[in-house]
Amino acid sequence: MNDATALAAAISDGRTTARATMEASLAACDAHAKLGAVVFIDKAVARTGAAAADHTARNDRGPFHGVPFLGKDLGSTAKGLPVAAGAAAMRTRVAAPEADSDLFAAFRQAGFLPFGLTASPPFGLALDAAPEGLPPAHNPWNPSLTPGGSSGGAAVAVAAGLVAIAHATDAAGSIRVPAACCGLVGLKPSQGVIPAGPDFNNHLMGIASELVLARSVRDVATAFGVVNDSTRAPAALPNTPRIALALPARCDAAQIAATRATADALTAAGCAVTAIAAPDQMGAEAHAIVKTILAVSLAEWLLALEITDDQVPPLAAALASKGRAMQATDLFALTRRMAHLSDRAAAVFTNFDAILSPVLSTPPPPLGAFDLDQTDTDAHFAKMEAFAPNAAIANVAGLPALALPFGMQNAGLPVGVQLWGPHGADGLLCHLAAQIEARAPALNYPFDIAGLPT
C-alpha cells in the first residue's frame, strides 16, 4: 500500500533516507505550487530535521520515523511554523512558536518531520481552502473544483503526493469534507482524547478536534494511537457490529450509491446493517449551535488580537458582529442545547455500534463557491450545511467520525462515506473502515507520493 506507513518502512529498511524523502517532498511542493496546498515552508527546518532523523538510533524511532509532515495553518502549532489561520491580518501579528504544542510534540515523537503549513480559509470559516490574499487550494482530481475545507490544503498536499500524511482539524466536518472531496481517509476523534495544550486555542467549546488526513486507514489508526491522550481502555470489538444506514434525502445518486455499496461491504464483513431515518433534525440543531460558537469565538479572537472588522473578510466581520451582540445568558443556554443534543445522539447507539452515511450531498463545487466577500452569514452557513448534511452532529455531541473513499463518481472524482460511533469508539471505527477499505474499489491517485520507492 502506498502510504505513510510504507514510506516509513522504506526509510527504516534502508531503501531510502529521511533526507532523500524530504528533498523529494520539497521538490514536489515546488513542482505543484499552483495547486495552492502549501502556504509556508521552512526548507532549513526541513533539511535539518531530516538529517537528524537519519542519525537517530533505531530503538528511538517511532512508527512514522523520517516521514515529512505538514501542519495546518489553523489549530495546534509546531515549533518554527507561524500559524495565521488563513487570515492576512493574522500574518502580521503571529510569530513562529518557540516550542511544539502537545499534539505536535506527540507527532514528532511518532517520527513526523514538520516543515510547513497547508492552506486554510480565513479563520476556518468555509468548506474550501482559499486563504486571504493567497491563491486558493485546487482539487488535484479536477483543479477547477474545491478540495473541501477547512483542511483543504492538507487534503491537496496528500492527494497530490507532496506528503503522505498531513495534520488536519475538524470543527464541523473540516477533516471529513476534504477527505471525501479528495479521496482520503480522515478521523475526527472523540472529544477530549487528542491533546490540545498548552494553549487550547482551537477547542471551540469542545466541538473541534485534530488529527490527520492520509491515504490509508492504517495510517490514520496508527496516528490516532500515538497521540491518543485518553486513559480510557478501548472497548472490545463486537462479534457482529450493528450498523445503522442513514441516507439524507438531500444527497445525490452517486453519494447514495456509494454508501449503499459500502453497506454491502460491511455486510460481507459480517456486520448487521439496518436502515434508519437520517438524523436531519438533529443535524440542523447541531449546525445552528456550531454557527453560534464560531461567531462568539471569532469575536473574542479578533478582540484579543486587536484586529478590527475592516481588516478581515466581510463575512468574518459580519459573523464577529453577531458574536459580539450575543448575551452571556444566551451562550449559557447554548451549553444546555449541546448537552441535550449529545444525549439524543448517544441514544442512537443503544441499538447500534456505528452509523454509516454519506459525507457530502454532491460532488465538490467549483472554486469560489464559498465566497467570504459577502455578508449574509445565514446563507453562507446554509450552503455549507447543505453540502455536508449532518456533519456537525459529531462535533457538537463529541462523537468520533471517520471518512474514507468508496469508488469513483461519473465525473472522475472519488466519493466518500463516513462512519460515526459513540464516544470512545475511535478504534471500532478504524476497524470497520479497514474492512471497508479492503473491499472498496482501488483509487488511482493523480500523483504518486513524493519519495516513496517504487
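## Pockets, cavity and a helix contact

The largest pocket has a volume of about 950 Å³. The structure is a predicted model. Lining this largest pocket are 41 residues, and those nearest its centre are Asp199, Phe200, Asn201, Asn202 and His203. By class, the lining of the largest pocket comprises 23 nonpolar, 14 polar and four charged residues. Strand E6 (209–214) and H10 each contribute at least two residues to the lining of the largest pocket. H10 supplies the largest share, six residues.

The second largest pocket has a volume of about 430 Å³. Its lining consists of 16 residues, and Met1, Arg215, Ala442, Leu443 and Tyr445 are the closest to the centre of this second largest pocket. The lining of the second largest pocket divides into 11 nonpolar, two polar and three charged residues.

The count of cavities of 30 Å³ or more comes to one. The largest cavity has a volume of about 350 Å³. Of the 28 residues in its lining, Gly124, Ala171, Ala172, Val290 and Leu294 lie closest to the centre of the largest cavity. Two or more lining residues of the largest cavity come from helix H10 (280–304), and two or more from helix H13 (377–387). H10 gives the most to this lining, with seven residues.

The table sets out the classes of the lining residues.

| Site | Nonpolar | Polar | Charged |
|---|---|---|---|
| Largest pocket | 23 residues | 14 residues | four residues |
| Second largest pocket | 11 residues | two residues | three residues |
| Largest cavity | 17 residues | 10 residues | one residue |

Helix H10 also packs against another helix. Two packed helices are described by the angle between their axes and the distance between the axes. H10 and helix H11 (residues 314–325) pack at an angle of about 95°, and their axes are 7 Å apart. H10 is therefore roughly perpendicular to H11, since angles of 65 to 115 degrees count as roughly perpendicular. On the H10 side, the contact is made by Lys291, Leu294, Ala295, Val296, Leu298, Ala299 and Leu302. On the H11 side, the contact residues are Ala316, Leu319, Ala320, Gly323 and Arg324. The residues of the contact of H10 with H11 divide into nine nonpolar, one polar and two charged.

Leu294 of H10 takes part in the contact with H11, and Leu294 is also among the residues closest to the centre of the largest cavity. H10 gives six residues to the lining of the largest pocket and seven to the lining of the largest cavity.

Methods: Residues numbered from 1 in each chain as written. Predicted model: local features only at pLDDT ≥ 70, side-chain atom pairs only at ≥ 80, totals over all residues. Heavy atoms only, no water. 1 Å grid on protein atoms, 1.4 Å probe; cavity = no way out; pocket = protein on both sides within 12 Å on 5 of 7 lines; lining within 4 Å. Points joined across faces, edges and corners; volume = space filled by probe spheres on them. Helix = DSSP H or I, 4+ residues; strand = E, 2+ residues; numbered from the N terminus. Nonpolar A, V, L, I, M, F, W, Y, C, P; charged D, E, K, R; others polar. Axes fitted to C-alpha atoms, helices over the stretch in contact; angles between N-to-C directions. Parallel < 35°, antiparallel > 145°, perpendicular 65-115°, else oblique. Contact = heavy atoms within 4.5 Å.
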